[in-house]
Amino acid sequence: MDKKQQKLLYKVMVALKATPSISQAKAIREKASESDFTEDYLVSILSEKKPNQREPMIVEEEEIKQYFPSHYNSEQMHNTILLLIRNWSKKRGYTQ
């Protein structure tokens with residue numbers, strides 16, 4: 001890929017907060033020699049869901065801090081939640 005294409009790829013990666021998988025990188029490299037190597041192409045390929053990609057589960061602190069003492073920090077809340085989930089899972093026989 002030439003410098004201009006690399007800059008375009010970087011711009012799209014930053015905008016999408018995405019990095020290409022190995023197969024996507026190969027496709028991008030192959031497409032680099034063609035005339036339709038465009039920002040739209042890069043957006044479409046980098047927007048594809050990767051087979052091993054998992055969406056993170058995010059719980060905002062503001063949503064849960066009402067259930068904890070006011071002096072608890074984020075780490076204490078996190079550890080308490082994990083402990084509660086482990087106990088809940090064991091109690092129901094999902095884990096040992």
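In this predicted model, a nonpolar patch on the surface is formed by Ile85, Trp88 and Tyr94, which together present about 370 Å² of accessible area. Tyr94 belongs to the segment after α5, and this residue counts as exposed because its relative accessibility is 57%, where the cut-off for an exposed residue is over 50%. Ile85, a member of the patch, also appears among the residues that line the largest pocket.

The largest pocket has a volume of about 310 Å³, and its lining consists of Met57, Ile58, Val59, Glu60, Glu61, Ile64, Ser74, Met77, His78, Ile81, Leu82 and Ile85. Two elements, α4 (61-64) and α5 (74-91), give two or more residues to this lining, and α5 gives the most, with 6 residues. When the lining of the largest pocket is divided by residue type, 8 residues are nonpolar, 2 are polar and 2 are charged.

Turning to charged side chains, the salt bridges in the model come to a count of 4. One of them joins Glu39 to Lys11, with the closest N and O atoms 3.4 Å apart. This pair links distant parts of the chain, since Glu39 lies in helix α3 (residues 39-46) and Lys11 lies in helix α1 (residues 3-16), the two residues being 28 residues apart. Glu39 is partly exposed, because its relative accessible area is 34%, and Lys11, with a relative accessibility of 47%, is likewise counted as partly exposed; both values fall in the range between the limits for buried, under 20%, and exposed, over 50%.

A salt bridge is also formed where the side chains of Lys31 and Asp36 meet, at 3.0 Å from N to O. Lys31 counts as buried because its relative accessibility is 16%, whereas Asp36, at 38% relative accessibility, counts as partly exposed. In helix α4 lies Glu62, whose side chain meets that of Lys65 in a salt bridge with an N to O distance of 3.2 Å. In this pair Glu62 counts as exposed, because its relative accessibility is 58%, while Lys65 counts as partly exposed at 39%. Elsewhere, salt bridges that share partners join Lys31, Glu34 and Asp36 into one network.

Separations between C-alpha atoms add to the description of residues in helices α1 and α4. Leu9 lies in helix α1, the helix that also holds Lys11, and Leu9 is buried because its relative accessible area is 13%, a value that satisfies the limit of under 20%. Leu9 and Thr19 are 10 residues apart along the chain, and their C-alpha atoms are separated by 9.6 Å. For Glu62, the partner of Lys65 in a salt bridge, the C-alpha to C-alpha distance to Glu30 is 46 Å, with the two positions 32 residues apart in sequence numbering.

Methods
Residues are numbered from 1 along each chain as its sequence is written. This is a predicted model: local features need pLDDT of at least 70, side-chain atom pairs count only at pLDDT 80 or more; totals for chains, interfaces and linings use all residues. Side-chain values use heavy atoms; hydrogens and water are left out. On a 1 Å grid over the protein atoms alone, a cavity is a set of points where a 1.4 Å probe fits but cannot get out, and a pocket is an open set with protein on both sides within 12 Å along at least five of seven lines; lining residues have an atom within 4 Å of a point. Grid points are joined across faces, edges and corners, and a volume is the space filled by probe spheres set on the points. Helices (H or I, at least four residues) and strands (E, at least two) are DSSP runs, numbered from the N terminus. Ala, Val, Leu, Ile, Met, Phe, Trp, Tyr, Cys and Pro count as nonpolar, Asp, Glu, Lys and Arg as charged, and the others, Gly among them, as polar. Patches are made of residues with over 30% relative accessible area and no salt bridge: like charges are joined within 9 Å, nonpolar side chains (Val, Leu, Ile, Met, Phe, Trp, Tyr) within 5 Å. Accessible areas come from the Shrake-Rupley method with a 1.4 Å probe; for residues, only the protein chains shown count as cover. Buried means under 20% relative accessible area, exposed over 50%, partly exposed in between (1.4 Å probe, protein chains only).
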